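Subject: Structure handover and notes

Hello,

Here is the structure you will be working with. My notes on what was found in it follow below.

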Amino acid sequence: MLNTDRLCLGCMNDCGGEKVCAICGYDSATRNPSDCLPTKLWLNDRYLVGKVLERDFGCISYIGWDNADDSIVTIREYFPLDIARRNPDKTVSVSEEGKYLYNGGLMSFMETNTKLKDANLPSTIPCKEIFEENGTAYAVNVSFTGIVLSDFLNRNGGSLKWEQARPLFLPLMDTLKAMHEMGIVHGNISPETVLVGRDGKLRLSNISVSDMDNVSIKRNLTDGFSALEQYDTENYSITPATDVYSISATLFNVLIGTVPPPVTARLENDSLSVPSKFAEELPRNVLVALANGIQVLPEKRTVDIESFRGELVYGNAPDGSDLNTTAQKKSAAENADRTNKKTKKSLSGIKSAIIAAVCTVLAFGILGAGLYFTVLKDLFPKENTDKPVAESQVSAPSSQVIGSVDEGAEIAPKQYAVPNFVGKWYSAIADGEDKSYENFVITVKNKVFSDKYPRGTVCEQSVKEGSSVVKDTEIQLTISMGPLEVEVPSVIGSTEKDAIIDLLKRGFLYENIKVEEKYDVDAAPNVVIDQTPKANIKTNTDITVEIYVNSYKGEENESTDE
């Protein structure tokens, strides 16, 4: 069993106990945010907590160490930000009015992760254990080596061909289908929550703490990838179609290279254009599948992953699936009937085939002249290893447009969503722990005193979170220097560890806390018996604080030594 004192709490590699890890650069003096678990805490008498990896509205994720089998893990803690509070003893509590929602979410967290652990689906990260502790629950997953899909795209020119994306996304959709059959909606699919492993396969991360029956799923919103019903849960329900929208938007981003406009903006003005370059290159069935999957209104959208996959691969949904509303089905049937009649007439010669192809394009109005040659390819199919498709199945589904195809449109520069820097430790941002920060030029604009944000955290950013900007846009940060003055707490009678924690909470710097020994037979052993400065004095947090721990071990130890 490895000596955990030698572990770096930033990467969980053996750094020999050095203050700064030579592998990842993590400084052992770094502290997790005050509302998170501290580093070096043990959970379930087995898992050592390291630095915070990420957090969303429902959970906090930490790097961890499994002391039972000496392996790196990811610890995901149920902690809904809007209702949960961290107590000084590291437990989690909630107000009376928030207990119903909190307990419902806690049960959902446990049930969801238990189902995923038992199912062990191929495109999810395996779960080792789920347990309750500290008034909340934890799911421990094996460590996964890979990068987020957005970084993968950046390293591959910003987009992928359909031939490249297809073998990546189809297995992912099979896993989503299995999740939906278990009653689980992911609720947060985007290029930031889809991981690309070293084995070249995609994995789903950050699976929501909620299932289809829990409205708190609306909390995790990503503009461009979240569906309308996640913004408006009063008028719409969360269903598998919610994930259809997100996976469609993610695939759109992968194939086109741009992030779709937020669904709330599309609700007022749905102008989602496809540059002609992509309209000509992508197969017609792929474009139509995206059109159906990214529909703003849930009732007009492809209803489930199996149907979406069928449209994507075969140009139609699986037999018996209910793709759209009754009106759409009627329109699709009429269009298909007209297409089939034209196709039969086209058998008389190539000239008729061309005329039928043009008529089909006009009937569907999918992509205009940009898809003329795509339709011809459908009439003269090449050898294909996919499932054989009947002639009646070749006709496109009901949705007619993704938007417009602009023949003269330039491919817009890739846009990057600005992350939320406020509340994060500037040291972590500067160290580049999150690789997505490399897309921006991050500078420090100012340093101010703040009673709200701990010293060293960001309290303001120049560009609003969620804004779409081009690469290397400058983001100016304002850093908190902590309160102008703080009151020195009384730590006399506390253990050394508790005294340091109390001082850190007040904003004093770890490196400025000096621990000395002092001998006093009249005081309790191993507790703080004196401090400088004295308690209740108001001062700034840059000063040196000295605490004196009693080196007297007690009468029992003295008699033993004799």
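Is N526 buried, partly exposed or exposed? N526 counts as partly exposed because its relative accessibility is 41%. The terms work as follows: buried means under 20% relative accessible area, exposed means over 50%, and partly exposed is in between, with a 1.4 Å probe and protein chains only. The areas come from the Shrake-Rupley method with a 1.4 Å probe, and for residues only the protein chains shown count as cover.

Before the rest, two remarks on the source. This is a predicted model, in which local features need pLDDT of at least 70 and side-chain atom pairs count only at pLDDT 80 or more, while totals for chains, interfaces and linings use all residues. Residues are numbered from 1 along each chain as its sequence is written, and side-chain values use heavy atoms, with hydrogens and water left out.

The chain as a whole

The chain has 562 residues, and 46% of them are buried. Its secondary structure consists of 15 helices and 23 strands. Helices (H or I, at least four residues) and strands (E, at least two) are DSSP runs, numbered from the N terminus. The accessible surface comes to about 27500 Å², and carbon and sulfur atoms account for 50% of that. Contact means heavy atoms within 4.5 Å. Among contacts with a separation of 6 or more, 64% are between residues 24 or more positions apart.

The nonpolar cores

A nonpolar core is a set of buried Ala, Val, Leu, Ile, Met, Phe, Trp, Tyr and Cys residues joined through side-chain atoms within 4.5 Å. In soluble globular proteins, nonpolar side chains tend to be buried together. The largest core here has 49 residues, and F169, L251, F308 and L312 have the most contacts inside it. Elements giving two or more residues to this core include α3 (162-181), α5 (240-256), α8 (284-293) and α9 (305-314). There is also a second, separate core of 27 residues, with C59, F131, A137 and Y138 among them.

L251 shows how such contacts reach across the sequence. Leaving aside neighbours within four places, L251 touches W162, A165, F169, M173, L290, F308 and L312. One of these partners, L290, is also among the buried residues of α8. In α8, 9 of the 10 residues are buried, so the helix is mostly covered.

Helix α3 and the loop after it

T175 lies in helix α3. Is T175 buried or exposed? T175 counts as buried because its relative accessibility is 1%. Outside its neighbours within four places in sequence, T175 is in contact with L121, P122, S123, T124 and L204. T124 is 51 residues away from T175 in sequence, yet their C-alpha atoms are 7.7 Å apart.

A178 is in α3 too, but A178 counts as partly exposed because its relative accessibility is 21%. Its C-alpha is 10.0 Å from that of E306, which is 128 residues away along the chain.

N188 lies in the loop between α3 and β10. At 8% relative accessibility, N188 counts as buried. Its contacts, again without neighbours within four places, are T193, N206, N220 and T222.

The second largest pocket

A pocket is found on a 1 Å grid over the protein atoms alone: it is an open set of points where a 1.4 Å probe fits, with protein on both sides within 12 Å along at least five of seven lines, and lining residues have an atom within 4 Å of a point. Grid points are joined across faces, edges and corners, and the volume is the space filled by probe spheres set on the points. The second largest pocket holds about 1700 Å³. Of its 49 lining residues, A29, T30, R31, W425 and L504 are the closest to the centre. Helix α14 gives the largest share of the lining, 6 residues.

Backbone details

N526 lies in the loop between β20 (513-518) and β21. Its phi is positive, about 60°, although N526 is not a glycine. D472 is another residue other than glycine with a positive phi, near 70°. D472 sits in the loop between β17 (468-469) and β18.

Finally, T532 and P533 are joined by a cis peptide bond, with omega about 0°. P533 is in the loop between β21 (528-532) and β22 (538-539).

Regards
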